[in-house]
Amino acid sequence: MLSSALEEHGLTPTEIEEATEVALGHMFQVLARAWAGGFTTKSTFARDAASMVAIAATENLITTKLTDELWGNRWLITADGLSFLKELEEDAIS
C-alpha cells in the first residue's frame, strides 16, 4: 500500500495539518507586522522570521519596493498580502 509506505517515511496526515497550522500562524505574524507599518530588513524580527519572510516575499505578499525605481529597507505588505492576511483572519474567526 502506497499510503502506509509514505507514512513510514514522512509525516502523518495529522502531523502535516499541525505543521501547516503552525506555518500559517507564522505567516500571519509576518503579514500583520508588515501591515502595521512594516519592519526593517535587518531587524531582529526579520532575522527571527527569515524563512517566512523569504516565502512571503517570493509569493509577493510583502515587498521593499516603493515605486518602479525606488526600493526601501522596510518590508511592507502588498495588495496580495493584505488579501491573504484577511483570509487568514476570516479562517481564524470561523
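Tutor: Before we start, helices (H or I, at least four residues) and strands (E, at least two) are DSSP runs, numbered from the N terminus. This is a predicted model, in which local features need pLDDT of at least 70, side-chain atom pairs count only at pLDDT 80 or more, and totals for chains, interfaces and linings use all residues. Residues are numbered from 1 along each chain as its sequence is written, and side-chain values use heavy atoms, with hydrogens and water left out.

Student: Okay, let's begin with α2: how far does it reach from its first C-alpha to its last?

Tutor: The expected span of a helix is 1.5 Å times one less than its number of residues. With 23 residues, α2 would be expected to cover 33 Å. Its actual reach is close to that, at 32 Å.

Student: Which residues of α2 are buried?

Tutor: Let's fix the word: buried means under 20% relative accessible area, exposed over 50%, and partly exposed in between (1.4 Å probe, protein chains only). Contact, which we'll need too, means heavy atoms within 4.5 Å. The cover over the buried residues of α2 includes β1, α3, α4, β2, β3 and α5. Those buried residues are Met27, Val30, Leu31 and Ala34.

Student: What is Met27 in contact with, leaving aside its neighbours within four places in sequence?

Tutor: Met27 is one of the buried residues of α2. Beyond those sequence neighbours, its partners are Met52, Ile55, Ala56, Leu61, Phe84 and Leu88.

Student: Which element gives the most to the largest nonpolar core?

Tutor: A nonpolar core is a set of buried Ala, Val, Leu, Ile, Met, Phe, Trp, Tyr and Cys residues joined through side-chain atoms within 4.5 Å. The largest one here has 17 residues, and Met27, Val30, Leu31, Phe39, Val53, Ala56 and Ile62 have the most contacts inside it. At least two residues come from each of α2, α3 (44–48), α4 (50–58), β3 and α5. With four residues, the top contributor is α2.

Student: Moving along to α5, how many degrees does the arc of its buried residues span at most?

Tutor: Helix α5 covers residues 79–93, and Gly81, Leu85 and Leu88 are buried in it. The arc is that of the directions from the helix axis to the C-beta atoms. Looking down the axis, the buried residues line one face of α5, because they fall within an arc of 60 degrees.

Student: And which residues are exposed on the other side of α5?

Tutor: The buried residues of α5 pack against α2 (13–35) and β3 (70–77). On the other side, the exposed ones are Ala79, Glu90, Asp91 and Ile93.

Student: Now the sheet! Which strands are at its edges?

Tutor: Two strands pair if DSSP finds at least two bridges between them. The three strands form an open sheet in the order β1-β3-β2, with antiparallel pairing. An edge strand pairs on one side only, and that gives β1 and β2.

Student: Through how many residues does the hairpin join β2 to β3?

Tutor: Strand β2 (residues 62–67) and β3 run antiparallel, joined by four bridges. Within this pair, Thr67 stands opposite Leu70. The hairpin linking the strands passes through two residues.

Student: Which residue in β3 stands opposite Thr40?

Tutor: β1 and β3 are antiparallel too, with two bridges. Across this pair, Phe39 faces Trp75. Opposite Thr40 you'll find Arg74.

Student: At about what angle to β2 does α4 run?

Tutor: Axes are lines fitted to C-alpha atoms, for helices over the stretch in contact, and angles run from 0 to 180 degrees between N-to-C directions. α2 lies across β1, β2 and β3, at about 125 degrees to β3. α4 lies across β1, β2 and β3 as well, and its angle to β2 is about 55 degrees.

Student: Does Thr64 count as buried or exposed?

Tutor: Thr64 sits in strand β2. Its contacts outside the nearby sequence include Thr41, Trp71 and Trp75. Because its relative accessibility is 12%, Thr64 counts as buried.

Student: Last one: what does Asn60 count as, at 39% relative accessibility?

Tutor: Asn60 belongs to the loop between α4 and β2. Its phi is positive, near 60 degrees, in a residue other than glycine. With that 39%, Asn60 counts as partly exposed.
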